[in-house]
Amino acid sequence: MLHDDPAGQDATAPRPTTIDRRRPEHRDPARLSSTTDQRLLDSRGPVDWVHSDAWRLQRIQAEFVEGFSVLAEIPRAVTVFGSARTPRDHPDYALGVELGGALVRAGYAVITGGGPGVMEAANRGASEAGGLSVGLGIELPFEQGLNPWVDLGVGFRYFFARKTMFVKYAQAFVCLPGGFGTLDELFEALVLVQTGKVTRFPVVLLGTAYWGGLLEWLKGPAVEAGTISERDVDLIHLTDDIDEVVKIVEEGFREVVGS
(Lines give C-alpha, C1' and ligand atoms only; values in the text may rest on other atoms or scores of the structure.)
Protein backbone atom coordinates (compact mmCIF):
# COMPACT_ATOMS: atom_id res chain seq x y z
CA MET A 1 0.00 0.00 0.00
CA LEU A 2 1.19 3.47 -0.84
CA HIS A 3 1.09 6.11 1.84
CA ASP A 4 1.02 9.84 1.34
CA ASP A 5 3.62 11.99 3.08
CA PRO A 6 2.47 14.88 5.33
CA ALA A 7 2.50 17.28 2.40
CA GLY A 8 0.12 15.07 0.44
CA GLN A 9 2.80 13.78 -1.96
CA ASP A 10 3.18 10.14 -2.95
CA ALA A 11 5.98 8.78 -0.73
CA THR A 12 7.47 6.90 -3.69
CA ALA A 13 7.69 9.97 -5.93
CA PRO A 14 11.21 11.22 -6.66
CA ARG A 15 12.19 14.17 -4.49
CA PRO A 16 15.09 16.61 -4.68
CA THR A 17 17.82 16.02 -2.12
CA THR A 18 17.38 19.50 -0.65
CA ILE A 19 14.05 21.25 -0.22
CA ASP A 20 13.78 24.99 0.35
CA ARG A 21 10.19 26.02 -0.25
CA ARG A 22 11.17 29.69 -0.03
CA ARG A 23 12.69 29.26 -3.50
CA PRO A 24 10.19 29.20 -6.41
CA GLU A 25 11.97 26.39 -8.22
CA HIS A 26 11.54 24.17 -5.17
CA ARG A 27 7.79 24.69 -5.35
CA ASP A 28 7.75 23.71 -9.02
CA PRO A 29 5.65 20.52 -9.50
CA ALA A 30 7.88 19.55 -12.42
CA ARG A 31 10.90 19.51 -10.13
CA LEU A 32 9.10 17.46 -7.51
CA SER A 33 7.95 14.88 -10.05
CA SER A 34 11.23 14.44 -11.96
CA THR A 35 14.48 12.60 -11.26
CA THR A 36 17.90 14.17 -10.92
CA ASP A 37 19.04 12.48 -14.15
CA GLN A 38 16.05 13.90 -16.02
CA ARG A 39 16.82 17.41 -14.85
CA LEU A 40 20.50 16.98 -15.75
CA LEU A 41 19.78 15.84 -19.29
CA ASP A 42 17.05 18.39 -19.94
CA SER A 43 18.75 21.20 -21.89
CA ARG A 44 15.85 23.61 -21.42
CA GLY A 45 15.67 26.29 -18.78
CA PRO A 46 17.71 29.29 -17.59
CA VAL A 47 21.51 29.24 -17.61
CA ASP A 48 22.26 31.89 -15.02
CA TRP A 49 23.15 29.12 -12.56
CA VAL A 50 26.64 28.98 -14.11
CA HIS A 51 27.35 32.31 -12.39
CA SER A 52 26.18 31.18 -8.95
CA ASP A 53 28.47 30.78 -5.94
CA ALA A 54 27.72 27.07 -5.83
CA TRP A 55 29.02 26.66 -9.38
CA ARG A 56 32.04 28.85 -8.65
CA LEU A 57 32.85 26.52 -5.79
CA GLN A 58 33.01 23.63 -8.26
CA ARG A 59 35.39 25.61 -10.48
CA ILE A 60 37.58 26.45 -7.49
CA GLN A 61 37.71 22.80 -6.48
CA ALA A 62 38.55 21.84 -10.07
CA GLU A 63 41.48 24.28 -10.09
CA PHE A 64 42.94 22.73 -6.95
CA VAL A 65 42.46 19.20 -8.33
CA GLU A 66 44.08 20.16 -11.62
CA GLY A 67 47.01 21.88 -9.92
CA PHE A 68 47.65 19.03 -7.50
CA SER A 69 47.37 16.44 -10.26
CA VAL A 70 49.72 18.17 -12.70
CA LEU A 71 52.36 19.27 -10.18
CA ALA A 72 52.40 16.30 -7.80
CA GLU A 73 55.35 14.58 -9.46
CA ILE A 74 57.59 17.53 -10.33
CA PRO A 75 61.07 17.44 -8.74
CA ARG A 76 62.16 19.84 -6.03
CA ALA A 77 61.63 23.38 -7.27
CA VAL A 78 62.11 27.08 -6.61
CA THR A 79 59.49 29.71 -7.38
CA VAL A 80 60.81 32.85 -9.05
CA PHE A 81 58.85 36.11 -9.09
CA GLY A 82 59.45 39.38 -10.91
CA SER A 83 57.92 41.99 -13.16
CA ALA A 84 55.96 41.02 -16.26
CA ARG A 85 56.93 44.41 -17.74
CA THR A 86 60.69 43.86 -17.91
CA PRO A 87 61.86 44.02 -21.55
CA ARG A 88 64.20 41.41 -22.96
CA ASP A 89 67.08 43.85 -23.29
CA HIS A 90 66.94 44.87 -19.62
CA PRO A 91 69.66 43.68 -17.17
CA ASP A 92 66.98 42.14 -14.93
CA TYR A 93 65.93 39.89 -17.81
CA ALA A 94 69.50 38.65 -18.22
CA LEU A 95 69.65 38.14 -14.45
CA GLY A 96 66.48 36.04 -14.60
CA VAL A 97 67.89 33.85 -17.37
CA GLU A 98 71.09 33.35 -15.38
CA LEU A 99 69.15 32.52 -12.22
CA GLY A 100 66.93 29.97 -13.97
CA GLY A 101 69.96 28.18 -15.39
CA ALA A 102 71.81 28.19 -12.06
CA LEU A 103 68.83 26.67 -10.22
CA VAL A 104 68.51 23.90 -12.81
CA ARG A 105 72.22 23.08 -12.56
CA ALA A 106 71.75 22.83 -8.78
CA GLY A 107 69.01 20.25 -9.32
CA TYR A 108 65.83 22.34 -9.10
CA ALA A 109 62.90 22.90 -11.38
CA VAL A 110 61.87 26.54 -11.84
CA ILE A 111 58.29 27.71 -11.23
CA THR A 112 57.06 31.14 -12.31
CA GLY A 113 53.78 32.87 -13.03
CA GLY A 114 54.30 31.88 -16.65
CA GLY A 115 54.05 35.41 -18.01
CA PRO A 116 56.46 37.68 -19.88
CA GLY A 117 59.32 39.76 -18.46
CA VAL A 118 61.29 38.32 -15.55
CA MET A 119 59.03 35.28 -15.43
CA GLU A 120 59.84 34.45 -19.04
CA ALA A 121 63.53 35.02 -18.33
CA ALA A 122 63.62 32.50 -15.47
CA ASN A 123 61.64 29.96 -17.51
CA ARG A 124 63.99 30.51 -20.44
CA GLY A 125 67.09 30.01 -18.33
CA ALA A 126 65.67 26.80 -16.89
CA SER A 127 64.61 25.45 -20.27
CA GLU A 128 67.88 26.29 -22.00
CA ALA A 129 69.78 24.60 -19.17
CA GLY A 130 67.81 21.41 -19.79
CA GLY A 131 65.67 21.58 -16.67
CA LEU A 132 61.94 21.60 -16.00
CA SER A 133 60.36 25.00 -16.61
CA VAL A 134 56.93 25.39 -14.98
CA GLY A 135 54.45 28.23 -15.52
CA LEU A 136 51.34 28.85 -13.41
CA GLY A 137 49.34 31.34 -15.41
CA ILE A 138 46.47 33.54 -14.27
CA GLU A 139 43.47 34.87 -16.17
CA LEU A 140 44.00 38.63 -16.52
CA PRO A 141 42.47 41.19 -18.88
CA PHE A 142 45.78 42.84 -19.79
CA GLU A 143 48.47 40.16 -20.02
CA GLN A 144 49.30 37.40 -22.47
CA GLY A 145 49.11 33.67 -21.91
CA LEU A 146 52.01 31.43 -20.97
CA ASN A 147 55.39 32.38 -22.37
CA PRO A 148 57.04 30.08 -24.96
CA TRP A 149 59.67 28.81 -22.52
CA VAL A 150 57.18 27.00 -20.27
CA ASP A 151 57.46 23.20 -20.49
CA LEU A 152 54.67 22.44 -18.02
CA GLY A 153 51.88 24.94 -17.64
CA VAL A 154 48.67 25.25 -15.63
CA GLY A 155 46.14 28.08 -16.02
CA PHE A 156 44.17 29.49 -13.10
CA ARG A 157 41.15 31.78 -12.71
CA TYR A 158 41.66 32.35 -8.99
CA PHE A 159 44.73 33.92 -7.40
CA PHE A 160 44.39 32.00 -4.15
CA ALA A 161 44.46 28.60 -5.88
CA ARG A 162 47.52 29.66 -7.87
CA LYS A 163 49.27 30.97 -4.76
CA THR A 164 48.78 27.64 -3.03
CA MET A 165 50.64 25.90 -5.87
CA PHE A 166 53.49 28.41 -5.75
CA VAL A 167 54.13 27.55 -2.10
CA LYS A 168 53.18 23.87 -1.98
CA TYR A 169 55.54 22.75 -4.75
CA ALA A 170 58.54 25.00 -4.04
CA GLN A 171 61.41 24.83 -1.59
CA ALA A 172 62.10 28.58 -1.74
CA PHE A 173 60.98 31.91 -3.20
CA VAL A 174 63.32 34.21 -5.12
CA CYS A 175 62.06 37.69 -5.98
CA LEU A 176 63.63 39.80 -8.68
CA PRO A 177 62.49 43.42 -9.15
CA GLY A 178 58.73 43.53 -9.62
CA GLY A 179 55.54 45.42 -8.92
CA PHE A 180 52.38 44.82 -6.91
CA GLY A 181 52.09 41.17 -7.94
CA THR A 182 55.65 40.44 -6.84
CA LEU A 183 55.15 42.35 -3.59
CA ASP A 184 51.91 40.46 -2.96
CA GLU A 185 53.63 37.09 -3.34
CA LEU A 186 56.65 38.23 -1.30
CA PHE A 187 54.66 39.36 1.71
CA GLU A 188 52.27 36.42 1.58
CA ALA A 189 55.28 34.08 1.71
CA LEU A 190 56.72 36.04 4.64
CA VAL A 191 53.43 35.84 6.54
CA LEU A 192 53.29 32.07 6.00
CA VAL A 193 56.83 31.68 7.33
CA GLN A 194 56.30 34.16 10.19
CA THR A 195 53.17 32.34 11.38
CA GLY A 196 54.64 28.87 10.99
CA LYS A 197 52.30 27.81 8.19
CA VAL A 198 55.40 26.83 6.24
CA THR A 199 58.77 26.10 7.81
CA ARG A 200 62.37 26.35 6.60
CA PHE A 201 61.29 28.23 3.51
CA PRO A 202 63.95 30.70 2.33
CA VAL A 203 62.77 34.00 0.86
CA VAL A 204 65.45 35.73 -1.20
CA LEU A 205 65.42 39.21 -2.72
CA LEU A 206 67.76 39.41 -5.71
CA GLY A 207 68.87 42.97 -6.44
CA THR A 208 70.12 45.19 -3.61
CA ALA A 209 69.64 48.44 -5.53
CA TYR A 210 65.95 47.69 -6.02
CA TRP A 211 65.08 45.94 -2.76
CA GLY A 212 67.46 47.70 -0.35
CA GLY A 213 65.11 50.59 0.36
CA LEU A 214 62.27 48.23 1.26
CA LEU A 215 64.48 46.30 3.65
CA GLU A 216 65.71 49.52 5.28
CA TRP A 217 62.09 50.63 5.78
CA LEU A 218 61.25 47.31 7.41
CA LYS A 219 64.31 47.51 9.69
CA GLY A 220 63.60 51.15 10.52
CA PRO A 221 60.03 52.52 10.76
CA ALA A 222 58.28 49.13 10.81
CA VAL A 223 60.45 47.68 13.59
CA GLU A 224 60.51 50.97 15.50
CA ALA A 225 56.71 51.12 15.43
CA GLY A 226 56.54 47.60 16.84
CA THR A 227 54.45 46.30 13.94
CA ILE A 228 57.10 43.68 13.16
CA SER A 229 60.14 42.41 15.03
CA GLU A 230 63.81 42.28 14.09
CA ARG A 231 63.41 38.52 13.94
CA ASP A 232 60.75 38.97 11.25
CA VAL A 233 63.16 41.01 9.13
CA ASP A 234 65.73 38.22 9.46
CA LEU A 235 63.39 36.00 7.42
CA ILE A 236 64.47 37.95 4.32
CA HIS A 237 67.75 37.37 2.48
CA LEU A 238 69.07 40.18 0.26
CA THR A 239 71.82 39.68 -2.31
CA ASP A 240 73.12 40.45 -5.79
CA ASP A 241 74.95 37.14 -6.09
CA ILE A 242 73.24 34.22 -7.86
CA ASP A 243 75.69 31.76 -6.32
CA GLU A 244 74.59 33.00 -2.90
CA VAL A 245 70.95 32.53 -3.89
CA VAL A 246 71.63 28.90 -4.77
CA LYS A 247 73.57 28.42 -1.52
CA ILE A 248 70.67 29.80 0.56
CA VAL A 249 68.20 27.57 -1.26
CA GLU A 250 70.42 24.51 -0.78
CA GLU A 251 70.89 25.19 2.94
CA GLY A 252 67.14 25.49 3.39
CA PHE A 253 66.55 22.25 1.51
CA ARG A 254 69.14 20.39 3.58
CA GLU A 255 67.44 21.58 6.78
CA VAL A 256 64.13 20.18 5.54
CA VAL A 257 65.67 16.84 4.53
CA GLY A 258 67.59 16.59 7.77
CA SER A 259 64.64 17.44 10.02
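Let's start with the salt bridges: the count comes to six. Keep in mind that this is a predicted model. I'll take some of those bridges in turn, then turn to a helix pair.

Begin inside one helix. Glutamate 128 forms a salt bridge with arginine 124. Their closest N and O atoms are 3.1 Å apart. Where do glutamate 128 and arginine 124 lie? Both are in helix 5, four residues apart. That spacing is about one turn of the helix. Now, how open are they? Glutamate 128 has a relative accessible area of 49%. Partly exposed begins where buried ends, at 20%, and runs up to 50%, so glutamate 128 counts as partly exposed. Arginine 124 comes out at 25%, and is partly exposed too.

Next, a bridge between two helices. The side chains of glutamate 188 and lysine 163 meet in a salt bridge, 2.9 Å from N to O. Glutamate 188 sits in helix 7, residues 180-194, and lysine 163 in helix 6, residues 159-168. So this pair ties together parts that are 25 residues apart in sequence. Is each partner buried or partly exposed? Glutamate 188 is at 32% relative accessibility, which counts as partly exposed. Lysine 163 is at 14%, and counts as buried. There is a third member here. Lys163, Asp184 and Glu188 are linked in a network of salt bridges.

Now a bridge that involves a loop. Glutamate 255 and arginine 200 meet through their side chains, at 4.0 Å from N to O. Glutamate 255 lies in helix 10, residues 242-258. Arginine 200 is in the loop between helix 7 and strand 6. The pair therefore ties together parts that are 55 residues apart in sequence. Glutamate 255 has 47% relative accessibility and counts as partly exposed. Arginine 200, at 42%, counts as partly exposed as well.

Stay with arginine 200 for a moment. Its backbone deserves a look. Most residues other than glycine have a negative phi. Arginine 200 is not a glycine, yet it has a positive phi of about 50°. Look for it in that loop between helix 7 and strand 6.

On to the helix pair. Helix 4 covers residues 91-105, and helix 5 covers residues 118-128. They pack at an angle of about 40°, with their axes 7 Å apart. What do we call that arrangement? Angles under 35 degrees would count as roughly parallel, and roughly perpendicular starts at 65. Helix 4 and helix 5 are therefore oblique to each other. Helix 4 passes helix 5 in a right-handed crossing.

Which residues meet there? From helix 4, the list includes Asp92, Tyr93, Gly96 and Gly100. From helix 5, it includes Glu120, Ala122, Gly125 and Glu128. The residues of this contact divide into seven nonpolar, four polar and four charged. Arg124 is in that contact too, and we met arginine 124 earlier as the salt-bridge partner of glutamate 128.

Last stop: glycine 100, in helix 4. Is glycine 100 buried or exposed? Its relative accessible area is 0%, so it is buried. What touches it, leaving aside its neighbours within four places in sequence? The answer is Val110, Ala122, Gly125 and Ala126. Three of these names should sound familiar: Ala122, Gly125 and Ala126 are on the helix 5 side of the contact. As for valine 110, it is ten residues from glycine 100 along the chain. The two C-alpha atoms are separated by 6.5 Å.

How values were computed
Residues numbered from 1 in each chain as written. Predicted model: local features only at pLDDT ≥ 70, side-chain atom pairs only at ≥ 80, totals over all residues. Heavy atoms only, no water. Axes fitted to C-alpha atoms, helices over the stretch in contact; angles between N-to-C directions. Parallel < 35°, antiparallel > 145°, perpendicular 65-115°, else oblique. Left-handed = near helix turned anticlockwise from the far one by under 90°. Contact = heavy atoms within 4.5 Å. Nonpolar A, V, L, I, M, F, W, Y, C, P; charged D, E, K, R; others polar. Buried < 20%, exposed > 50% of the residue type's maximum accessible area, 1.4 Å probe, protein only.
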